[in-house]
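Please look over the structure shown below before reading on. The report then takes up backbone geometry, strand pairing, core packing and one helix in turn.

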Amino acid sequence: MKRNEIPLFCFTTLQETGELVLVKQYEKGYFKTDYDVGNRRKNMEMADFLNRKYSITPAQKEALLCGSLFGWHHAAADPQEYYDKAVLEKTEMISGHIKDPVMSVMYPVKGKLYQYYVAGKEMHYLDLSALSAGYMGKDATYVMIPDLIQGIPLMPVRVKMAHNGSHVLELENGSFSSEKEVNQSYSIIARVQVRDVEYVMAENEKAPSRYVTWERTPVNDKDGEKNYYWGNYSDSRESIISIFKERAQSKFQFQRKLKQNRNRKQEEKER
């Protein structure tokens, strides 16, 4: 399941009693669980533990709770709403290593690390340009799936400090996929969803232009084949990462402006 989709369930505690309960997708109210220990603080810790165990993000949890209380068509029942409204707390330049999500290998990492608050929870995000070609490239055994934070594709990471002061990072669950894909002889190395469209970044070292970004509209795919179009090509890895981010952010801003216009017209109509 994608990190911006409503999960099947999540765990939370009741404000009134502190009871640990289960909330289910498209179901109203809550359900009792066998995990409740009769202590508010411990139940809150257990809820956090279980949500992380099942790869449920804070945004997904809040969206599920909102849908359960106010209806599944409510804007806040969409996890992406919380990424759109993320609050930037701090940005810093870091260096260190990041763990391979599949093998026991560490790769060097150097670049910007962002601290955001998403759905009230502190989250860390790494700029795509901080990842090495070996970590995000055609030879990797996975595809990067960044979160779209305020329209910018960023990799969610867990952060630890080493004894020498360097950073040790690890990708959050759900931010990568082992399903490799090739399109027009290019290996897709990253993909990000911007509402109803998707942008991908791909690499082919034997092509006239080594890198490309494409757009895709999933609802227009036919016969199970993904339809990629509007390619932007480059020989520079740094350039193609910038293009990938710029295309996603431009689409995000365009969609936000459309939404604001619709809301304004609706308000005028109601008056």
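## Positive phi outside glycine

At a relative accessibility of 33%, Ser55 falls between the limits of 20% for buried and 50% for exposed, and therefore counts as partly exposed. In this predicted model, Ser55 lies in the loop that links α1 (40-53) to α2 (58-70), and its phi is positive, at about 60 degrees, although the residue is not a glycine.

Trp230 is another residue other than glycine with a positive phi, here near 50 degrees. Trp230 sits within strand β16 (residues 228-234), and because its relative accessible area is 60%, over the 50% limit, Trp230 is classed as exposed.

## Strands β4, β5 and β6

Strand β4 (residues 87-99) runs antiparallel to strand β5 (residues 106-118), to which it is joined by 12 bridges, and the two strands form a hairpin with six residues between them. Within this pairing, Ile98 has Tyr107 of β5 as its bridge partner.

Strand β5 is also joined to strand β6 (residues 121-126), again in the antiparallel sense, by six bridges, one of the pairs being Tyr114 with Tyr125 of β6. The hairpin of β5 and β6 has two residues between its strands, and Ala119 takes a positive phi near 55 degrees there.

## Strand β10 and its partners

Which side chains of strand β10 (residues 167-171) are buried, and which are not? The side chains alternate along the strand, with His167, Leu169 and Leu171 pointing to one face and buried, whereas Val168 and Glu170 point to the other face and are not buried.

Strand β10 pairs with β4 in the parallel sense over three bridges, and here Leu169 is the bridge partner of Ile98. Strand β9 (residues 152-161), by contrast, runs antiparallel to β10 and is joined to it by five bridges, with Lys160 standing opposite Val168. Five residues lie between the strands in the hairpin of β9 and β10, where Gly165 adopts a positive phi near 90 degrees.

## Nonpolar cores

In soluble globular proteins, nonpolar side chains tend to be buried together. The largest nonpolar core of this model comprises 33 residues, and those with the most contacts inside it are Ile98, Leu126, Leu131, Tyr135, Met136, Met144 and Met201. Two or more residues are given to this core by each of β4, β5, β9, β10, β13 (186-194), β14 (197-203) and α4 (237-270), and the largest share, six residues, comes from α4.

When neighbours within four places in sequence are left aside, Met136 is in contact with Leu128, Leu131, Met144, Ile189, Ala190, Met201, Arg237 and Ile241. Apart from the largest core lies another of 13 residues, including Ala59, Tyr82, Ala86 and Tyr116.

## Helix α2

How far apart are the end C-alpha atoms of α2? They are 18 Å apart, which agrees with the span of 18 Å that its 13 residues should have at 1.5 Å a residue, because the expected span is 1.5 Å times one less than the number of residues.

The buried residues of α2 are Ala59, Gln60, Lys61, Ala63, Leu64, Leu65, Cys66, Gly67 and Ser68, and they pack against β1 (9-13), β2 (20-24), α1, α3 (80-84) and β5. Following α2 comes Gly71, which has a positive phi near 110 degrees.

How values were computed. Residues are numbered from 1 along each chain as its sequence is written. This is a predicted model: local features need pLDDT of at least 70, side-chain atom pairs count only at pLDDT 80 or more; totals for chains, interfaces and linings use all residues. Side-chain values use heavy atoms; hydrogens and water are left out. Helices (H or I, at least four residues) and strands (E, at least two) are DSSP runs, numbered from the N terminus. Buried means under 20% relative accessible area, exposed over 50%, partly exposed in between (1.4 Å probe, protein chains only). Two strands pair if DSSP finds at least two bridges between them. A nonpolar core is a set of buried Ala, Val, Leu, Ile, Met, Phe, Trp, Tyr and Cys residues joined through side-chain atoms within 4.5 Å. Contact means heavy atoms within 4.5 Å.
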